[in-house]
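The following exercises concern a single protein chain and are each followed by a worked solution. Please keep the sequence and the structure at hand while working through them.

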Amino acid sequence: IQQAQEQIQTLRELLIQYGHEYYVLDNPSVPDSEYDQKLQELRKLEEEFPELITADSPTQRVGAEPLDAFQKVQHNVPMLSLGNAFNEQDLRDFARRASQGTDKPLSYVCELKIDGLAISLTYENGRFVRGATRGDGTTGEDITSNLRTIRSIPLSIKEKETIEVRGEAFMPHKSFLALNKNRDENGEEPFANPRNAAAGSLRQLDPKIAAKRNLDIFLYGVGEWEAGNLQSHSERLKYLKELGFKTNPEWKKCSSIEEVIEYVEYWATERPNLSYEIDGIVIKVDSLEQQEELGFTAKNPRWAIAYKFPAEEVVTK
Ligand SMILES: NC(=O)n1nc(-c2ccco2)nc1N
């Protein structure tokens with residue numbers, strides 16, 4: 001059994017590394033056949049020694065039993081909704097208001113606004129223990145078993161303090177078109193757009209259905225993190241990547257609103273070349289101290305804004 005224990009440990013670590021390269025870095029170091037063969041080996045060993053199975057084993061992604069219902073989850077740090085900007089003047093107004101709320105110079109971080117659904121992931125002792133929807137910002141739904149099926153979500157991380165991270169779950173274009181083709185062939189109603197398809201997939205009570213929908217996620221923020229001591233949003237993005245999370249590579253630190261406007265204009269034309277849907281650009285004040293200083297209006301943070309692209313009709317066939 002000691003020998004089996006070592007074999008299982010080695011296989012598990014290897015498969016977690018291969019999975020990270022394939023699903024998070026999009027840069028596999030081995031062919032799929034090698035991954036599948038190693039995974040089969042691990043399954044067989046775990047079948048022989050079930051007491052050696054751990055929650056973060058790659059074989060434990062798709063839970064067995066469907067749920068009867070989703071439990072409710074309280075977000076101790078509310079998941080905010082962002083105010084909107086629709087043109088350059090709105091962006092300039094946002095920057096002016098922000099600069100009036102602090103006496104130090106401002107820098108911003110621009111991020112693609114992924115058109116999916118906002119998600120919270122909690123890790124305790126380095127293990128993924130709970131995943132939830134945003135809900136109304138204070139109360140969401142526990143969809144842990146569905147989120148475990150998203151291959152780019154690590155089931156364990158090196159941060160041992162409790163940390164809650166946030167991001168956007170989404171359905172890539174390729175998965176969306178394949179899903180609607182499949183639904184069409186089965187005489188089912190196609191999904192209107194990738195966001196609805198992602199939301200519909202994560203609302204399934206049976207994780208086996210979510211597991212087949214090829215969903216993905218980009219992490220972009222931190223909620224609860226007692227031990228957190230980073231000073232800026234950009235440092236957080238780097239730390240999320242270091243922890244093994246999938247972060248969107250297109251984020252950019254901007255030191256002026258002119259730079260922000262350039263970034264927005266660039267992606268307004270580049271957008272159709274992305275492999276996933278975005279509905280705008282999110283602009284955040286980079287310094288966490290200045291975010292604190294700026295605080296919130298009744299509804300939205302003063303330190304962030306969502307620039308919305310004009311709606312485009314999405315190809316559904
Ligand atoms: N949807 C999306 O990509 N978002 N959403 C935020 C956000 C929402 C509230 C605070 O930050 N950030 C990004 N990149």
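## Exercise 1: Strand S3 and its sheet

Valine 109 has lysine 253 of strand S9 standing opposite to it. The model examined here is a predicted one.

**Task.** Determine which strands pair with S3, and in what sense.

**Solution.**
Step 1. S3, residues 108-114, is joined to strand S9 (residues 252-254) by three bridges, and the two strands run antiparallel.
Step 2. With strand S10 (residues 278-285), S3 pairs over seven bridges, again in the antiparallel sense. On this side, tyrosine 108 stands opposite valine 285.
Step 3. The pairs belong to an open sheet of five strands in the order S2-S11-S10-S3-S9, with mixed pairing. Strand S2 (84-85) and S9 each have a single partner strand and stand at the edges, so one side of each is left without a neighbour in the sheet.
Step 4. As for burial, seven of the seven residues of S3 are buried.

## Exercise 2: Two cysteines

**Task.** Explain why cysteine 110 and cysteine 254 are not bonded through their sulfur atoms.

**Solution.**
Step 1. The cysteine sulfur closest to that of cysteine 110 belongs to cysteine 254, at 3.8 Å.
Step 2. A disulfide requires two cysteine sulfur atoms within 2.5 Å. The distance of 3.8 Å is therefore too far for a bond.
Step 3. Cysteine 254 is accordingly in no disulfide, and a search of the whole structure finds zero disulfides.
Step 4. The cut-off for a buried residue is a relative accessible area under 20%. Cysteine 110, with 0%, is therefore buried, and cysteine 254 counts as buried at 1%.

## Exercise 3: Helix H9

**Task.** Compare the expected span of helix H9 with the distance between its end C-alpha atoms, and state where its buried residues lie around the axis.

**Solution.**
Step 1. Helix H9 (residues 257-270) has 14 residues, which at 1.5 Å a residue should span 20 Å. Its end C-alpha atoms are 20 Å apart, so the two values agree.
Step 2. The buried residues of H9 are Ile257, Val260, Ile261, Tyr263, Val264 and Trp267. These residues cover an arc of only 160° around the axis, which puts them on the same side of H9.
Step 3. An α-helix has 3.6 residues a turn, so residues three or four places apart point the same way.
Step 4. Glu262 and Thr269 are exposed residues on the face of H9 turned away from its buried side.
Step 5. The cover over the buried residues of H9 includes helix H3 (88-100), S3, S9, S10 and strand S11 (304-308).

## Exercise 4: Strand S4 and the nonpolar cores

**Task.** Describe the pairing of strand S4 with S7 and with S5, and identify the residues with the most contacts inside the largest nonpolar core.

**Solution.**
Step 1. S4 pairs with S7 over seven bridges in the antiparallel sense; the bridge partner of serine 120 in S7 is arginine 166.
Step 2. S4 and strand S5 (residues 127-133) also run antiparallel, joined by six bridges. Leucine 121 has glycine 131 in S5 as its bridge partner.
Step 3. S4 and S5 form a hairpin with two residues between them. In the turn, asparagine 125 has a positive phi of about 50°.
Step 4. Seven of the eight residues of S4 are buried.
Step 5. The largest nonpolar core has 34 residues, and Ile119, Leu121, Tyr123, Leu147 and Phe245 have the most contacts inside it. Among the elements that each supply at least two residues of this core are strand S4 (117-124), strand S7 (163-170) and helix H5 (173-185).
Step 6. Isoleucine 119 touches residues including Met79, Ala132, Ile143, Leu147, Val165 and Ile217.
Step 7. A second, separate core has 31 residues, including Leu112, Cys254, Ile283 and Ala304.

## Exercise 5: A residue in a loop

**Task.** Is glutamate 51 buried or exposed?

**Solution.**
Step 1. Glutamate 51 lies in the loop between helix H2 (32-48) and strand S1 (72-74).
Step 2. The cut-off for an exposed residue is over 50% relative accessible area. Glutamate 51, at 54%, therefore counts as exposed.

How values were computed: Residues are numbered from 1 along each chain as its sequence is written. This is a predicted model: local features need pLDDT of at least 70, side-chain atom pairs count only at pLDDT 80 or more; totals for chains, interfaces and linings use all residues. Side-chain values use heavy atoms; hydrogens and water are left out. A nonpolar core is a set of buried Ala, Val, Leu, Ile, Met, Phe, Trp, Tyr and Cys residues joined through side-chain atoms within 4.5 Å. Buried means under 20% relative accessible area, exposed over 50%, partly exposed in between (1.4 Å probe, protein chains only). Helices (H or I, at least four residues) and strands (E, at least two) are DSSP runs, numbered from the N terminus. Contact means heavy atoms within 4.5 Å. Two strands pair if DSSP finds at least two bridges between them. The expected span of a helix is 1.5 Å times one less than its number of residues. The arc is that of the directions from the helix axis to the C-beta atoms.
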